[in-house]
Amino acid sequence: MKLITAIIRDNKLEDVREALIQAEITRITVNRVAGHGAAEDIEIYRGRQIAPALTSKVELKIACNDEFVDIVKNTIIETARTGEQGDGKIFVQNLEECIRIKNGESGSGAI
Ligand SMILES: Nc1ncnc2c1ncn2[C@@H]1O[C@H](COP(=O)(O)OP(=O)(O)O)[C@@H](O)[C@H]1O
Ligand SMILES: [Mg+2]
């Protein structure tokens with residue numbers, strides 16, 4: 001099992017959700033977040049670096065079984081990419097456990 005976290009442009013959310021559903025990825029958590037990436041301008045004021053402005057982004061959390069990781073990644077990349085700075089990132093982590101609270105079922109069957 002993997003936990004996929006994707007940071008995307010907020011105006012790409014609906015397109016990405018639709019594309020994931022088309023790909024039969026129907027389980028998702030969405031957070032509205034703010035951040036900055038590597039290439040944001042770091043301004044210098046009186047010799048000190050000033051933190052760059054935060055940009056609104058959307059964070060997607062998708063827990064899935066290993067065989068779905070490529071389809072999730074590729075769907076997000078194809079749908080969220082503009083080719084411009086700020087398109088975001090995808091992080092993939094091993095997921096140790098998943099438990100369905102309703103009935104206590106655990107493991108990949110509970111995803
Ligand atoms: N290493 C990171 N850790 C956490 N969040 C990140 C990281 N890199 C990018 N982000 C998030 O992704 C958003 C878009 O980053 P982006 O400009 O596409 O990345 P970069 O400038 O590093 O190429 C940022 O505003 C931030 O919220
Ligand atoms: Mg950037």
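In this predicted model, the second largest pocket is lined by E24, I25, T26, R27, I62, A63, C64, N65, F68, S108 and I111. Sorted by class, that lining comes out as six nonpolar, three polar and two charged residues. As for room inside, the second largest pocket holds about 180 Å³ of space.

Next comes the largest pocket, which offers about 290 Å³ of space. Two elements give two or more residues to its lining, namely β2 (29–35) and β6 (89–94). Of these, β2 supplies three residues, the largest share of the lining of the largest pocket. In total, 16 residues line the largest pocket. Those that lie nearest its centre are H36, G37, K57, G88 and K89. By class, the lining of the largest pocket splits into six nonpolar, six polar and four charged residues.

The largest pocket is also where the ligand turns up: its space is the one taken by ligand 1. Around ligand 1 there are 13 residues, and G35, A38, Q85, G88 and K89 are the closest of them. G88 and K89 thus turn up twice, being listed among the closest residues to ligand 1 and among those nearest the centre of the largest pocket. The shell around ligand 1 is made up of four nonpolar, six polar and three charged residues.

Now for the polar contacts of ligand 1. The side chain of K89 has an N or O atom 2.9 Å from an oxygen atom of ligand 1. The backbone gets involved too: a polar backbone atom of G86 sits 3.4 Å from an oxygen atom of the ligand, and for D87 a backbone N or O atom is likewise 3.4 Å from a ligand oxygen. On its own, ligand 1 has 540 Å² of accessible area, and the protein covers 71% of this.

Put together, the picture for ligand 1 is of a molecule that takes up the space of the largest pocket, with 13 residues around it and oxygen contacts to the side chain of K89 and to the backbone of G86 and D87.

Terms used:
Residues are numbered from 1 along each chain as its sequence is written. Chains are lettered from A and ligands numbered from 1 in the order in which they are written. This is a predicted model: local features need pLDDT of at least 70, side-chain atom pairs count only at pLDDT 80 or more; totals for chains, interfaces and linings use all residues. Side-chain values use heavy atoms; hydrogens and water are left out. A residue is near a molecule or strand if one of its heavy atoms lies within 4 Å of it. A polar contact is a pair of N or O atoms within 3.5 Å; within protein, one must be able to donate a hydrogen and the other to accept it, and residues adjacent in sequence count only if both atoms are side-chain atoms. Accessible areas come from the Shrake-Rupley method with a 1.4 Å probe; for residues, only the protein chains shown count as cover. On a 1 Å grid over the protein atoms alone, a cavity is a set of points where a 1.4 Å probe fits but cannot get out, and a pocket is an open set with protein on both sides within 12 Å along at least five of seven lines; lining residues have an atom within 4 Å of a point. A molecule sits in a cavity or pocket if more than half of its atoms lie within 2 Å of its grid points. Ala, Val, Leu, Ile, Met, Phe, Trp, Tyr, Cys and Pro count as nonpolar, Asp, Glu, Lys and Arg as charged, and the others, Gly among them, as polar. Grid points are joined across faces, edges and corners, and a volume is the space filled by probe spheres set on the points. Helices (H or I, at least four residues) and strands (E, at least two) are DSSP runs, numbered from the N terminus.
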